[in-house]
Amino acid sequence: MLASLLAGCASMGGSSLSIPPINVAGARKPSNPLTATIALPPGTGPFPVVIVLHGCGGLSSARMNEWATRLNNWGYAAVLLDSFGPRGVTTVCAPSAQHFVTPADRAGDVLSTAVYLRSLPQIDGSRIGVLGLSHGGATAAWVTQRRYTDRFPGLLRASVDYYGPCRSPETYGDVPLLALAGDPDDWGNSALTCHAFAAKLRPGQPFEVHTYPDTYHAFDAERSTAKKVEGHILAYNHDSAEDSFIRTRTFLDRTMAPRQ
């Protein structure tokens with residue numbers, strides 16, 4: 001039954017998942033199951049999969065669906081994970097709302113989802129990655145810490161942080177991490193924090209950072225218009241976005257090695 005459901009994901013535009021949260025130290029579990037949408041690329045699988053993490057405004061962003069389509073076109077299944085709905089939260093963009101759901105909480109969501117995905121027949125459980133946007137990007141960086149990799153060795157193969165800050169380099173483990181940000185983006189100061197993060201790592205740790213001049217928050221959001229949110233500039237940048245997509249695909253292909 002499950003195999004039949006998943007086989008139809010590509011034509012259906014995605015199917016819903018209900019994911020039991022597991023206990024992860026430092027993460028506050030939602031009181032309800034986590035919810036997500038899974039979309040599969042053409043073919044029979046099993047597929048490598050990328051868990052896509054929304055920003056502070058929640059899962060409603062059209063950019064999430066764009067990322068699912070992009071990943072499918074690259075040969076990856078995409079899981080759009082909702083960390084807010086199961087907690088009764090709609091947004092954490094305001095500074096006063098940041099404590100409602102933290103990157104540490106969402107790291108528990110990522111690990112719960114990755115464990116669950118290993119049970120699905122059309123997913124290659126040895127090739128699970130994460131890609132996060134903004135608040136989700138901060139989570140993508142956070143979940144690479146040693147405390148998680150020590151408990152779940154080999155569970156995550158790669159992580160991509162789009163314009164989320166990079167914190168606590170001393171805790172970084174061995175999950176390959178790519179960070180992408182605009183130099184003047186001041187929401188989370190992701191470019192500054194990620195360059196500082198890189199400078200404090202040991203030689204050989206698998207971290208890459210690339211930043212773009214004249215590029216602001218949400219630079220990958222093709223259908224959006226420039227605006228300010230919470231005093232920060234959000235603006236699409238075609239050249240930076242296209243370059244970032246090439247870098248992301250190259251990174252995922254190298255670290256997760258999808259079968260041809």
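**View 1. Gln 145, a buried loop residue.** Gln 145 is buried in this predicted model, with a relative accessible area of 5%. The cut-off for buried is under 20%, so Gln 145 qualifies. The residue sits in the loop that joins H5 to helix H6 (146-151). Setting aside neighbours within four places in sequence, Gln 145 contacts Thr 171, Tyr 172 and Gly 173.

**View 2. The crossing of H4 and H5.** Helix H4 spans residues 103-117 and helix H5 spans residues 135-142. Their axes come within 9 Å and cross at roughly 70°. H4 is therefore roughly perpendicular to H5. The crossing of H4 past H5 is right-handed. From H4, the contact uses Pro 103, Ala 104, Arg 106, Ala 107 and Val 110. From H5, it uses His 135, Gly 136, Ala 138, Thr 139 and Trp 142. By type, the contact residues of H4 and H5 are six nonpolar, three polar and one charged.

**View 3. The largest nonpolar core.** This core holds 38 residues. Val 52, Trp 67, Leu 71, Leu 131, Val 160, Tyr 162 and Leu 252 have the most contacts inside it. Two helices and several strands are shown. Strands E3 (47-53), E4 (77-82), E5 (123-133), E6 (158-162) and E7 (177-182) each give two or more residues to the core. Helices H3 (62-73) and H8 (238-256) do so as well. H8 gives the most, with five residues.

**View 4. Surroundings of Val 160.** Val 160 is among the residues with the most contacts inside the largest core. Residues up to four places away in sequence are not counted here. Val 160 touches Val 130, Leu 131 and Gly 132. Its other contacts are Ala 140, Leu 178, Leu 180, Thr 248, Phe 251 and Leu 252. A second, separate core of 31 residues includes Val 130, together with Leu 17, Tyr 148 and Phe 152.

**View 5. The buried residues of H7.** Helix H7 covers residues 190-199. Its buried residues are Ser 190, Ala 191, Thr 193, Cys 194 and Phe 197. These buried residues of H7 pack against E6, E7 and strand E8 (207-212).

**View 6. His 238 in helix H8.** His 238 belongs to helix H8. The residue is partly exposed, with a relative accessible area of 46%. Gly 132 lies 106 residues away along the chain. The C-alpha atoms of His 238 and Gly 132 are 19 Å apart.

Terms used:
Residues are numbered from 1 along each chain as its sequence is written. This is a predicted model: local features need pLDDT of at least 70, side-chain atom pairs count only at pLDDT 80 or more; totals for chains, interfaces and linings use all residues. Side-chain values use heavy atoms; hydrogens and water are left out. A nonpolar core is a set of buried Ala, Val, Leu, Ile, Met, Phe, Trp, Tyr and Cys residues joined through side-chain atoms within 4.5 Å. Buried means under 20% relative accessible area, exposed over 50%, partly exposed in between (1.4 Å probe, protein chains only). Helices (H or I, at least four residues) and strands (E, at least two) are DSSP runs, numbered from the N terminus. Contact means heavy atoms within 4.5 Å. Axes are lines fitted to C-alpha atoms, for helices over the stretch in contact, and angles run from 0 to 180 degrees between N-to-C directions. Angles under 35 degrees count as roughly parallel, over 145 as roughly antiparallel, 65 to 115 as roughly perpendicular and the rest as oblique. A crossing is left-handed if the near helix is turned anticlockwise from the far one by less than a right angle, and right-handed if clockwise. Ala, Val, Leu, Ile, Met, Phe, Trp, Tyr, Cys and Pro count as nonpolar, Asp, Glu, Lys and Arg as charged, and the others, Gly among them, as polar.
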